[in-house]
Amino acid sequence: QQQQQQQGGGNSDSLKSSDASDFEHIESPSQEADSSASVDNRELENRIQTSDPENNFQSEERSDSDINNDRSTSSVDSDILSSSHSSDTLCNADSTPIPLANGLDSHSITCSRRSKANEGKKETWDTAEEDSGTDSEYDENGKSKGEIQYVYFRAEPYSSEERSGEGQKCLLVHVDKRITLAAFKQNLEPFVGVASSQFKVFRVYANNQEFESVRLNETLSSFSDDNKITIRLGRALKKGEYRVKVYQLLVNDPEPCKFLVDAVFAKGMTVRQSKEELLPQLRDQCKLDLCIDRFRLRKKTWKNPGTVFLDYHVYEEDINISSNWEVFLEILDEPEKMKSMSQLAVLTRRWSPAQMKLEPFQEVVLESSSVDELKEKLSDKSGIPLENLEFAKGRGTFPCDISVLEIHQDLDWNPKVSTLNVWPLYICDDGAVVFYRDKTEELMELSDEERNELMKKESSRLLKTGHRVNYSPRKEKALKIYLDGAPNKDSGQD
């Protein structure tokens, strides 16, 4: 009997030393140990070894919380695998890996879980982190840092009536929103026909406005069903680069804003370097053969020209730049006068009351914000005596159009200020519009017929430029309003 107990003890020791078992040891009852118990222990050991030959987990005692963790892991695995089989069955199966629709298989997922367990980590996933699509899962090229990339991508030809133009092809893409932009572009390479670095991705919004997506590490989590994306051939942006739309500023044209080219500016680039890169584009695409010292770049705020960028300014240091940025290109008739940020460039326009006419724009460069300096330079340009010169700031967006029938009375002429950067002027940046006149010049007298003709002409001109007309060309009539069923007015009441 003692020998049989020793044999039973030896069997339990062999179970403790076995690395293939899921259990630390199996205790045999000391009161009932016999030869049949030893046989049962051997059968149990063989049964455990054959059930999961790949299980290399270190032995540990399992609590109720561990069991609950395994159940939650099982539900996550079953969602990912999109299968009716339980994840426990797939993880312990010793059969051929099951291929899945998203390019994965059950064996690869099982190996991934076990590698985490062997590193001493819990056999659970942080689903919140995974759903967030954090960039930590991907490297700079958009590829998975681990062995497996848990994304789904499928594209198929699609016929759209909206985009049936020549040279346009449509794809219907089903994609996992956790995919990065870099990985998404790599999946599109076979359909576009060029490398991902040679085409651009634009997101189309409800008003058909397009914005380029340039952040390769960002996911598509902000996209929803039926979102539209436009693919255009062209070099994609590198890190630190920005795509810039360049418009020509034509201050004396009916349409002062004209699109020229799309350019690429980089962080750390000077304004002069960007001008040098623009020259061949302007020559090839716009037939503009310019000298680098005879045009300038300046800030564009909607239709308003702003700060003049000096050649030595550096992007992202002296000039803030962003994606989908816009700038004005202005061709100069003479060498650049703006040399310092302390200078101020103002666009001036003379009003001639005797002729009912506005003269073309002329630029005046000031060394300070002094009103006296502005008047002196306007007097030199126009020949108006300094004591007779009056000025007013333009209203609205550039070119601050106003009817010649209103300008003489409606503007705030000759404000009582000594500097331009205070109320009511607030001229603090380049590009402000200033009207000026000779106060001794009499306003032209118009007949009723001439006035009506001028009204129609001005209405047509202002409507074409998109400016509001404040008057009606027809003669006004009094309007009487009667109240139905109102009580009779007391004769004694005023």
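Me: Before we start, what counts as a polar contact here?
Reply: A polar contact is a pair of N or O atoms within 3.5 Å, and within protein one must be able to donate a hydrogen and the other to accept it. Keep in mind that this is a predicted model.

Me: OK, so which side chain does the side chain of R243 make a polar contact with?
Reply: That would be E212, with the two side chains making a polar contact at 2.6 Å. A polar atom of the R243 side chain also lies 3.0 Å from the backbone oxygen of R235.

Me: And where is R243 found?
Reply: R243 sits in strand β6.

Me: Buried or exposed?
Reply: R243 counts as buried, because its relative accessibility is 13% and the cut-off for buried is under 20%.

Me: What else does R243 touch, skipping residues up to four places away in sequence?
Reply: Quite a list: K200, E212, R235, A236, L237, A263, V264, N324 and W325.

Me: Let's switch to the sheet. What's the strand order?
Reply: It's an open sheet of five strands, ordered β7-β6-β10-β8-β9, and the pairing is mixed. The edges are β7 and β9 (304–309), each pairing on one side only. From one strand to the next, the twist averages 40 degrees.

Me: How many bridges join β6 to β10?
Reply: Five, and those two strands run parallel. To find a spot on the model, look for V246, which stands opposite V327 in β10.

Me: Which strands does α8 lie across?
Reply: α8 lies across β6, β7, β8, β9 and β10, and runs at about 130 degrees to β7.

Me: Now the core. How many residues are in the largest nonpolar one?
Reply: There are 25, and F265, L297, Y315 and W325 have the most contacts inside it. The elements giving two or more residues are β6 (241–249), β7 (257–266), α8 (271–285), β8 (295–301) and β10 (325–331).

Me: Which of them gives the most?
Reply: β7 does, with five residues.

Me: What is Y315 in contact with, leaving aside neighbours within four places in sequence?
Reply: Y315 is in contact with F265, A266, K267, G268, M269, T270, V271, S274, L297, I321 and W325.

Me: What about another core, apart from that one?
Reply: There is one of 24 residues, and M356, L405, F435 and M455 are among them.

Me: Why do such cores turn up?
Reply: In soluble globular proteins, nonpolar side chains tend to be buried together.

Technical notes
Residues are numbered from 1 along each chain as its sequence is written. This is a predicted model: local features need pLDDT of at least 70, side-chain atom pairs count only at pLDDT 80 or more; totals for chains, interfaces and linings use all residues. Side-chain values use heavy atoms; hydrogens and water are left out. A nonpolar core is a set of buried Ala, Val, Leu, Ile, Met, Phe, Trp, Tyr and Cys residues joined through side-chain atoms within 4.5 Å. Buried means under 20% relative accessible area, exposed over 50%, partly exposed in between (1.4 Å probe, protein chains only). Helices (H or I, at least four residues) and strands (E, at least two) are DSSP runs, numbered from the N terminus. Contact means heavy atoms within 4.5 Å. Two strands pair if DSSP finds at least two bridges between them. Axes are lines fitted to C-alpha atoms, for helices over the stretch in contact, and angles run from 0 to 180 degrees between N-to-C directions.
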